[in-house]
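Visitor: Please take me through one part of this model in detail. I would like a close look at a single chain, from its sheets to what it touches.

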Amino acid sequence: MNIHEYQAKEIFRRHGITVPPGEVATTPEAAEEIARDYGVRVVVKAQVLAGGRGKAGGVKLATTPEEARDAAEKILGMEIKGLTVTKVLVTPAEDIAHEAYVGAIVDRSSGAVVLMVSPEGGIDIEEVAAKTPELIYKETVDPRYGLLTHQAQRLGYKLYAGDAARARQAADIIQKLYTSMVDSGASLIEINPLITTQSGEVKAIDAKMNIDDNELFRHKEIAGLRDVESEAKEEVAARAKDLTYIKLDGQVGCCVNGAGLAMATMDLVKYYGGEPANFLDIGGSSSPEKVVTALQIITSDTAVRSILFNIFGGITRCDDVANGIVEATKEIELKVPITIRLTGTNEDEAVKILEEAGFSAMTDMDEAVKTAVELAKN
Amino acid sequence: MSIFADNSTRVVVQGITGRDGSFHTRQMIEYGTQVVAGVTPGKGGQRFDDRVPVFDSVEEAVHEEGASTSVIYVPAAFAAAAVCEAADSGIKLIVCISEGIPVLDMLKAVRYVEDNGARLIGPNCPGMISPGQTKLGIIPGQIVEPGPVGVVSRSGTLTYEVVWKLTSAGFGQSSCVGIGGDPVIGTSFIDCLAAFEQDPQTEAIVLIGEIGGTDEQNAARFIKENLSKPVVGFVAGQTAPPGRRMGHAGAIISGSSGTAEEKIATFRENDVEVAERPVDVPGIIAGALNG
């Protein structure tokens, strides 16, 4: 789960990481009001759960309260990577002398948290990593001991060599960043940029945080930060039923059990000349109700010209899926053709249920995908 | 032969009395797996289905029944602890089926397993099956047959699809291992490839990958340097959306975007043949076995 910059900054504050003040506005008037209260130049920043806000024009500097209102007016309602901006963060502008990068991530290959810093911050850090990898410094954290003091210090001095005051401030922030990561169950945290002000103070003026969904059960206060209004409506509905749904731009609506098979099915749709309309994984032990929700979500996408079910029964029972399809089609009027492929656990019962309800079922994946792609062209 | 487990493997099921645990324990026993004990804290002294003794701890199961391998079905919140308990009790092979385990928990559990000289498969995986010998986990027994093909995969149902196609085409399997789709797992592609290389029954290997991370790329390089047996690769997710990625740290550290294209290209650069569709796998295997 991604959380907003203002939410991540609040977590930083609680852990003693220096961040500038800031308040959230949902209207241009409120943004103007906040800017007036601060009485200084402010930055108005789109709060949206996607990267690349700056490039998309979602971050603007305002020297007067009126300018802050205009900036908020432009940013609110803006679409960034398909998501509509409904909130802006208004925060006093800083006098920046230097910009650095700090990141922490669960690294798959070392099976450890890795902390990374670069004195080249504020810009596209992936470009820095590609062109000047020697300017990225890393420390791997042994999970048995956590981030050791000397590791944080080493990173601090890599950032600000020859400036002990700043290096110590940075080391302190890095140590607290690691603690906040573990305490909040985050799998990724980034500060880009970590700035030094003209007066020599080091602080975080941006914050990205991704929380491991599997941690949410033990962090109720963080689970409560989920901003469903900022997420796609269908994705929220899917999650409520333990389904994973991602909308795409094609015409073949896919409903599959298992993420790997779902991706392989989408790839096959493309292989046979179609375009998948979505990724939808109904997961294991699928109850008929899940299938009903899945069909509701797929049919709500008006671009869908043909629906494809691909089920390989293991834990998932084919008869459950068949019952779900029959149930759902009583509630929802299908305006597009449906192709059903079922094989595995309780396949025979499933075929019988479907045939009695007037559907036919296939057992071969390639045949089913080809059929669904052809039907989408009509 | 097979890798990691065979018909002599003595199994304890952690979470044997739970909904998933009891269902799949029956399936394992039906397949022929030697389930010698179960563990559910608080239910020690009972018998599962009037036959399998249940203990409060893994230590007792090891001591009383000589269990050497564990299959874990406990809920996510307790699963990492169950992995550590198994490793601490002298279990040498731990298969963790549970999904939804916090990744920060797994970082510690994986180290703990290593420090105790055990092997962990998973978590969030279908487990493994050595056809005709033993089944540790949830891979359906009816889709496999004994034979010369080793299968290793990050996925669940996609593995079943490919295995079923192999079986239908007359190619049985030595062992099928689902290593799990989580970011931090125990046994890797490379561990399985090395084991298949050593296994006399295995004559060819199928590796099923998907988008994300660099495990497939590392496996591709390992194959070129270390394997004499033919390997067929498949990568799911060519049409997967790039997503609304928030941070950059992942890309910086791996220097990789983790796309299907990149993985397929790395396989080909390292002379690993790649199947375009699951249905193409048996044909390539046929060529490799006859070639």
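Guide: What follows is a walk through chain B, from its domains and sheets to its partner chain. Bear in mind that this is a predicted model.

Start with the division of the chain. The domain assignment splits chain B into domain 1, residues 10-121, and domain 2, residues 139-290. Their C-alpha centres are 27 Å apart.

Take the sheet of seven strands that begins with β3. This open sheet of chain B runs in the order β3-β4-β2-β1-β5-β6-β7, and its pairing is mixed. β3 (47-48) and β7 (119-121) of chain B are the edge strands; each has a single partner strand, so one side of each has no neighbour in the sheet. β3(B) is joined by two bridges to β4 (residues 52-55) of chain B, and the two strands run antiparallel. Look for B:R47 there: its bridge partner in β4(B) is B:P53. A helix packs on this sheet. It is α3 (residues 76-88) of chain B, which touches β1 (10-14), β5 (69-72), β6 (93-96) and β7 of chain B. The direction of α3(B) makes about 170° with that of β6(B).

Now the contact between the two domains. Nine residues of domain 1 of chain B are in contact with 12 residues of domain 2 of chain B. About 750 Å² is buried between these domains, and carbon and sulfur atoms give 63% of that area. On the domain 1 side, B:Y31, B:R119 and B:I121 supply 48% of the area buried against domain 2, more than any other three residues.

Polar links also cross here. There is one salt bridge between domain 1 and domain 2 of chain B. The side chains of B:R119 and B:D191 form a salt bridge, with an N to O distance of 4.0 Å. Two residue pairs are in polar contact between the domains. On the side of domain 1 that touches domain 2, α4 (103-115) and β7 of chain B each supply at least two residues. The largest share of that side, four residues, comes from α4(B).

Chain B has another open sheet of seven strands. The order is β9-β8-β11-β10-β12-β13-β14, again with mixed pairing. At its edges stand β9 (134-137) and β14 (273-274) of chain B; each pairs with a single strand, so one side of each is left without a neighbour in the sheet. Inside chain B, β10 (residues 146-153) and β11 (residues 173-178) run parallel and are joined by five bridges. B:S153 has B:G178 as its bridge partner in β11(B).

A helix from chain A packs on this sheet. It is α9 (residues 259-271) of chain A, touching β12 (204-210) and β13 (231-236) of chain B, at about 85° to the direction of β13(B). Helix α7 (residues 215-226) of chain B also touches β12 and β13 of chain B, and its direction makes about 155° with that of β12(B).

That leads to the chain interface. Here 66 residues of chain A are in contact with 55 residues of chain B. The two chains bury about 4900 Å² between them, 63% of it on carbon and sulfur atoms. A:R108, A:E126 and A:F312 lose the most area in chain A, together 15% of what that side buries.

Five salt bridges are counted between chain A and chain B. B:R111 forms a salt bridge with A:D142, the closest N and O atoms being 4.0 Å apart. Across the interface, 12 residue pairs are in polar contact. On the side of chain A that touches chain B, α9(A) gives the most, with nine residues.

How values were computed
Residues numbered from 1 in each chain as written. Chains lettered and ligands numbered in written order. Predicted model: local features only at pLDDT ≥ 70, side-chain atom pairs only at ≥ 80, totals over all residues. Heavy atoms only, no water. Pairing = 2+ DSSP bridges. Contact = heavy atoms within 4.5 Å. Axes fitted to C-alpha atoms, helices over the stretch in contact; angles between N-to-C directions. Domains from an automatic or database assignment. Buried area = accessible area lost by both parts, 1.4 Å probe. Polar contact = N/O pair within 3.5 Å; in protein donor to acceptor, adjacent residues only side chain to side chain.
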